[in-house]
Amino acid sequence: MHELSIVMGILRIAESETAKAGATNVDIIELEIGTLSGVELDALDFAWTQAVKHTVLEKAVKKIDLIEAKGHCLECDIVFPLEHIYDPCPKCQNYLKGIIQGKELRVKAIEVT
Ligand SMILES: [Zn+2]
């Protein structure tokens, strides 16, 4: 399962941050997840509850900042919201675009004790 490997990656970051701070627990962990990151939030929650048992993340409060995807049309230079990665520009219907945001998947902040 894709989400489980994501959680394991987050756990490794949390463990190293906790060790660096000489702490034993993560109180709060804040994640940034783009709407085009391919992460299923329900599946992530499920994988999370399975993976964090007996780890530094067991008691952590997980906060998720969802980042709405935005594209930039290379033809008419407008910025528009992207619901799907292959959405065309709403103004000129061009498919040539840059993704400005929405593919994020990262740990934004960790608070340890
Ligand atoms: Zn356009």
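**Figure 1. Asp-45, a partly exposed residue, and its salt bridge.** With a relative accessible area of 37%, Asp-45 is partly exposed (buried means under 20%, exposed over 50%, and partly exposed in between, with a 1.4 Å probe and protein chains only). The side chains of Asp-45 and Lys-62 meet in a salt bridge, 2.4 Å from N to O (a side-chain nitrogen of Lys or Arg within 4 Å of a carboxyl oxygen of Asp or Glu). Asp-45 sits in helix α2 (residues 41-51) and Lys-62 in strand β2, so this pair ties together parts that are 17 residues apart in sequence. Helices (H or I, at least four residues) and strands (E, at least two) are DSSP runs, numbered from the N terminus. Lys-62 is also partly exposed, at 22% relative accessibility. Elsewhere, Glu-30, Asp-65 and Lys-108 are joined into one network by salt bridges that share partners.

*A note for all views.* This is a predicted model, in which local features need pLDDT of at least 70 and side-chain atom pairs count only at pLDDT 80 or more, while totals for chains, interfaces and linings use all residues. Residues are numbered from 1 along each chain as its sequence is written, and side-chain values use heavy atoms, with hydrogens and water left out.

**Figure 2. A salt bridge between strands β6 and β1.** Here the side chains of Arg-106 and Glu-32 come together at 2.8 Å, N to O. Arg-106 belongs to strand β6 and Glu-32 to strand β1, so the salt bridge links parts that are 74 residues apart in sequence. How accessible is each partner, Arg-106 and Glu-32? Arg-106 is partly exposed, with a relative accessible area of 46%, whereas Glu-32 is buried, at 12%.

**Figure 3. A salt bridge within helix α1.** Lys-20 pairs with Glu-17, and their closest N and O atoms are 3.1 Å apart. Both residues lie in helix α1 (residues 2-20), where they are three residues apart, about one turn of the helix. Lys-20 is exposed, with a relative accessible area of 65%, while Glu-17 is partly exposed at 31%. Counting across the model, there are five salt bridges.

**Figure 4. Strand β1 and its two neighbours, β6 and β2****.** Which way do the partners of β1 run? Strand β1 (residues 26-34) pairs with strand β6 (residues 105-112) in the antiparallel sense, over seven bridges (strands pair if DSSP finds at least two bridges between them). Look for Glu-30, which stands opposite Ala-109 in β6. Strand β2, in turn, runs parallel to β1 and is joined to it by seven bridges. On this side, Gly-34 has Ile-67 of β2 as its bridge partner.

**Figure 5. The zinc site and its four cysteines****.** Which residues coordinate the zinc ion? The SG atoms of Cys-73, Cys-76, Cys-89 and Cys-92 do so, at 2.3 Å (donors are N, O and S atoms within 2.8 Å of the metal, or 3.2 Å for Na, K and Ca; water is not among the atoms, so sites may look incomplete). Angles of 105 to 120° among the four donor atoms make the site tetrahedral (for four donors, all angles between 85 and 135 degrees). Along the chain, the donors follow the spacing C-x2-C-x12-C-x2-C. Cys-89 is buried, at 1% relative accessibility, but Cys-92 is partly exposed, at 31%.

**Figure 6. Loop residues Asp-77, Gln-93 and Pro-90****.** Most residues other than glycine have a negative phi. Asp-77, however, has a positive phi of about 65° although it is not a glycine. Asp-77 lies in the loop between β3 (70-73) and β4 and is exposed, with a relative accessible area of 57%. Gln-93 is another residue with a positive phi of about 65° that is not a glycine. Its place is in the loop between β4 and β5, where Gln-93 is partly exposed, at 46%. Pro-90 also lies in the loop between β4 (79-81) and β5 (97-101), and it is exposed, at 54% relative accessibility. From Pro-90 to Val-39, the separation is 51 residues in sequence and 25 Å in space, C-alpha to C-alpha.

Terms used:
Tetrahedral: all angles 85-135°; square planar, octahedral: opposite > 155°, others 65-115°.
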